[in-house]
Amino acid sequence: MDMNTPETQARAMHLVMDAGKLLLENGGEVFRVQQTMQIMADSLGIEGFNTYVVTNGIFASANACNEVRHIPSVSIHLARVEAVNELSREIAAGSLDLAGAETRLKEIRSLPARHPGVLIASAAAGSACFGYLFGGGLPETLAALAAGIVESILVQLCRRWHISRIFSDIISAAAGTAIALLCRLLWPPLDVSTAAIGALMVLTPGVSLAMGIRDIINADYLSGAIRLLDAVLVAGCLAGGVVLTYTAARALWGVAL
Amino acid sequence: MRNPLFQFVVAAFATIFFGVTFHVPSRHYIACGIVGAVGWVTYLVCHDLGGLSPATATLVAVLPLTLLCRIFAVRFRAPVTLYLLCGIFPLVPGAGIYYTAYYFLQDEGALCAERGFETLKIALAIAFGIALVSAIPLPRHRALPRK
């Protein structure tokens, strides 16, 4: 294929932008997005390619055209990140042409998300594991499991109804703690804290923390700062949720803390 | 300290369950599990047996964890993030967040401040540990193309 016509240049640019967007919205670091786009553009022969990437946007210019992408929300799908990574490697090795790369990118975009039931089950199982790891016995582990189920159902519902993350975090943390408290009504010697922490681990901002650090290490200070701010915000929301439940419990039933 | 082998296995499963929610391809599950479990058991050994503070123990635990992530990333040709995002979770200070809120509510100002500060210290320890290990040069499969 002749890569020098304006049409193919624009098509290649479009492909590179879409690949970058796919990486960013599925949990790639800023540095990786920038690097991958640059490698793809060089290999596809896009003339005068330059790009600037931040946490929620991609700006790029080339001789043929300029494009911008807005990435309003990130939902982690690491299989897609890995696949785009592999795609860029193949393009760089010259084993894929433009048309082949476009087809592959379409396939990657349609890699399925797991069934919500599977997501809920694994988040709940994760909660139970943490309930055990943080020193819980069988009752605490089971309470963490129950709290984890309710919590992750809420998270899924909030995501489906496009409810803001802040609200979703507060509500889920509150619900998890509430379930742990309710379990104590059934089994009075239960250590509520251990069970609640197990369930809370699913909501903790580990992703934002780890990605923020990696962005900052790669000298993308702006993106790193945005993500670390997100981590602090989520931690605050979780604490708020816990406080909310305990306050309500104290007011309603006078539950001793 | 309770049975280390059992702790290792449960921590590995916890990490894998997080991997499932992040849509990690199934061929990476075992590597993810090992990364998370190594971090957690190192933390336990340092904290429970070594008597280190939670923040210091976290820092020590992040080092082998991040190193493993990088080794697996090179070995299996996958992004480091894929292992790091899942593997870091056992060390994230969820308990710190909870107890900070808990003592805040009980008007235990000193305990609340102490827990909040400790949470921050653990988060910084994670950041510092990842940064330290990321700076170690490791052989790569491909060098960056020079312009």
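**Exercise 1. Determine why the sulfur of B:Cys46 forms no bond with the closest cysteine sulfur.**

Solution. The closest cysteine sulfur to that of B:Cys46 is in B:Cys69, at 17 Å, which is too far for a bond. The criterion is that a disulfide is a pair of cysteine sulfur atoms within 2.5 Å. B:Cys46 has a relative accessible area of 11% and is therefore buried; the term buried means under 20% relative accessible area, exposed means over 50%, and partly exposed lies in between (1.4 Å probe, protein chains only).

The structure is a predicted model, in which local features need pLDDT of at least 70 and side-chain atom pairs count only at pLDDT 80 or more, while totals for chains, interfaces and linings use all residues. Residues are numbered from 1 along each chain as its sequence is written, chains are lettered from A and ligands numbered from 1 in the order in which they are written, and side-chain values use heavy atoms, with hydrogens and water left out.

**Exercise 2. Apply the disulfide criterion to B:Cys86 and state the total over all chains.**

Solution. First, the sulfur of B:Cys86 has its closest cysteine sulfur in B:Cys32, at 4.1 Å, and this is too far for a bond. Next, B:Cys86 has 0% relative accessibility, so B:Cys86 is buried. Finally, the count over all chains is zero disulfides.

**Exercise 3. Describe the architecture of chain B.**

Solution. Begin with the secondary structure: chain B contains six helices and zero strands, in the order α-α-α-α-α-α along the sequence. Helices (H or I, at least four residues) and strands (E, at least two) are DSSP runs, numbered from the N terminus. Then consider the extent: along the principal axes, the C-alpha atoms of chain B fill a box of roughly 55 × 40 × 30 Å. Of its 147 residues, 53% count as buried. Among contacts in chain B with a separation of 6 or more, 66% join residues 24 or more positions apart, where contact means heavy atoms within 4.5 Å.

**Exercise 4. Classify the ring pair of B:Phe22 and B:Phe89, and locate both residues.**

Solution. Rings of Phe, Tyr and Trp (its six-membered ring) pair if their centres lie within 6.5 Å; planes under 30 degrees apart count as stacked, over 60 as edge-to-face and the rest as tilted. Over all chains there are 18 aromatic pairs. In one of them, B:Phe22 and B:Phe89 are 5.9 Å apart centre to centre with 40° between the planes, and the pair is tilted. B:Phe22 lies in the loop between helix H1 (4-21) and helix H2 (29-49) of chain B, and B:Phe89 in the loop between helix H4 (80-87) and helix H5 (94-105), so the pair ties together parts 67 residues apart in sequence. Both B:Phe22 and B:Phe89 are buried. They also belong to one aromatic cluster, together with A:Phe130, A:Phe134, B:Phe18, B:Trp40 and B:Tyr43.

**Exercise 5. State where A:Gln156 lies, whether buried or exposed, and which residues it contacts.**

Solution. A:Gln156 is part of helix H6 (residues 138-160) of chain A. Its relative accessibility is 18%, so A:Gln156 counts as buried. With neighbours within four places in sequence left aside, A:Gln156 is in contact with A:Pro116, A:Leu119 and A:Ile120.
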